[in-house]
Amino acid sequence: ENKSYNLVNPSPWTFDELAQVTSEVSGKEVSHKKVSFDEMKDYLGNVGLPAPIAELIAGIYQTVAAGETAKTSNDLTNLIGQPTPLKELVQQALKA
């Protein structure tokens with residue numbers, strides 16, 4: 001159809017909100033600790049990711065943490081026919 005779709009949630013969320021919802025759903029305390037690009041890159045490298053992948057993921061983390069991906073759209077809801085609430089997504093992820 002020559003259309004572009006923004007496959008994002010209609011309601012933005014932060015890493016702190018994700019931690020709060022994950023705590024609620026799992027029954028375990030989860031917190032979000034803000035870290036720098038270098039801290040994230042080093043951590044990912046220390047757990048075995050190759051340097052280019054660690055840098056890529058650390059960059060994505062920083063972009064999300066800075067709110068640069070907070071764009072919202074109803075495109076995903078319209079395409080799949082249902083909303084994607086954060087709590088429901090976390091519940092599904094923890095069941096997997």
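Which helices each supply at least two residues of the lining of the largest pocket? The answer is α1 and α3. The notes below start there. Bear in mind that this is a predicted model.

1. **The largest pocket.** Its volume is about 400 Å³. The lining of this pocket counts 23 residues. Nearest its centre lie Trp-13, Thr-14, Val-64, Thr-69 and Ala-70. Helix α3 gives the most to the lining, with four residues. Sorted by class, the lining of the largest pocket has 11 nonpolar residues, nine polar ones and three charged ones.

2. **The aromatic pair.** The structure holds one aromatic pair. Its members are Phe-15 and Tyr-61, and they are stacked. The ring centres are 5.0 Å apart, with 10 degrees between the planes. This pair links distant parts of the chain. Phe-15 belongs to helix α1, while Tyr-61 belongs to helix α3, which covers residues 51-65. In sequence the two are 46 residues apart. Is Tyr-61 buried or exposed? Tyr-61 counts as buried, because its relative accessibility is 10% and the limit for buried is under 20%.

3. **Asn-9 and its polar contacts.** Look next at the segment before α1, a helix that spans 15-26. Asn-9 has its place in that segment. Its relative accessibility is 15%, so Asn-9 counts as buried. Which backbone atoms does the side chain of Asn-9 reach? One is the backbone nitrogen of Ser-11, at 3.1 Å. Another is the backbone oxygen of Thr-84, at 2.7 Å.

4. **The surroundings of Asn-9.** Set aside the neighbours within four places in sequence. Asn-9 is then in contact with Lys-71, Thr-72 and Ser-73, and also with Thr-84, Leu-86 and Leu-89. Thr-84 thus appears twice for Asn-9: in this contact list and as the owner of the backbone oxygen at 2.7 Å.

5. **Lys-71, seen from the other side.** Lys-71 lies in the loop between α3 and α4. Lys-71 is exposed, because its relative accessible area is 55% and the limit for exposed is over 50%. Asn-9, one of its contacts, is buried. Beyond neighbours within four places in sequence, Lys-71 is in contact with Asn-6, Val-8 and Asn-9. The C-alpha atoms of Lys-71 and Asn-6 are separated by 8.5 Å. Along the chain those two residues are 65 residues apart.

6. **Asn-74, in the α3-α4 loop.** The loop between α3 and α4 also holds Asn-74. With a relative accessible area of 47%, Asn-74 is partly exposed. How far apart are the C-alpha atoms of Asn-74 and Val-8? They are separated by 7.7 Å. The chain places these residues 66 residues apart. Val-8 is also among the contacts of Lys-71.

7. **Thr-77, in helix α4.** Helix α4 runs over residues 75-80 and includes Thr-77. Thr-77 is buried, with a relative accessible area of 17%. Leaving aside residues within four places in sequence, Thr-77 is in contact with Pro-10, Gln-82 and Pro-83.

8. **The loop between α1 and α2.** Helix α2 covers 37-46, and Lys-28 is found in the loop between α1 and α2. Lys-28 counts as exposed, at 60% relative accessibility. Which residues does Lys-28 touch, not counting those up to four places away in sequence? They are Thr-22 and Ser-23. Gly-27 is found in this loop between α1 and α2 as well. At 65% relative accessibility, Gly-27 counts as exposed.

9. **Two loops compared.** Gly-27 and Asn-74 are 47 residues apart in sequence. In space they are 30 Å apart, C-alpha to C-alpha. Set beside this the pair Asn-74 and Val-8: 66 residues apart along the chain, with C-alpha atoms separated by 7.7 Å. Gly-27 sits in the loop between α1 and α2, and Asn-74 in the loop between α3 and α4.

Definitions and conventions
Residues numbered from 1 in each chain as written. Predicted model: local features only at pLDDT ≥ 70, side-chain atom pairs only at ≥ 80, totals over all residues. Heavy atoms only, no water. Buried < 20%, exposed > 50% of the residue type's maximum accessible area, 1.4 Å probe, protein only. Polar contact = N/O pair within 3.5 Å; in protein donor to acceptor, adjacent residues only side chain to side chain. Contact = heavy atoms within 4.5 Å. Phe/Tyr/Trp six-rings, centres within 6.5 Å; stacked < 30°, edge-to-face > 60°. 1 Å grid on protein atoms, 1.4 Å probe; cavity = no way out; pocket = protein on both sides within 12 Å on 5 of 7 lines; lining within 4 Å. Points joined across faces, edges and corners; volume = space filled by probe spheres on them. Nonpolar A, V, L, I, M, F, W, Y, C, P; charged D, E, K, R; others polar.
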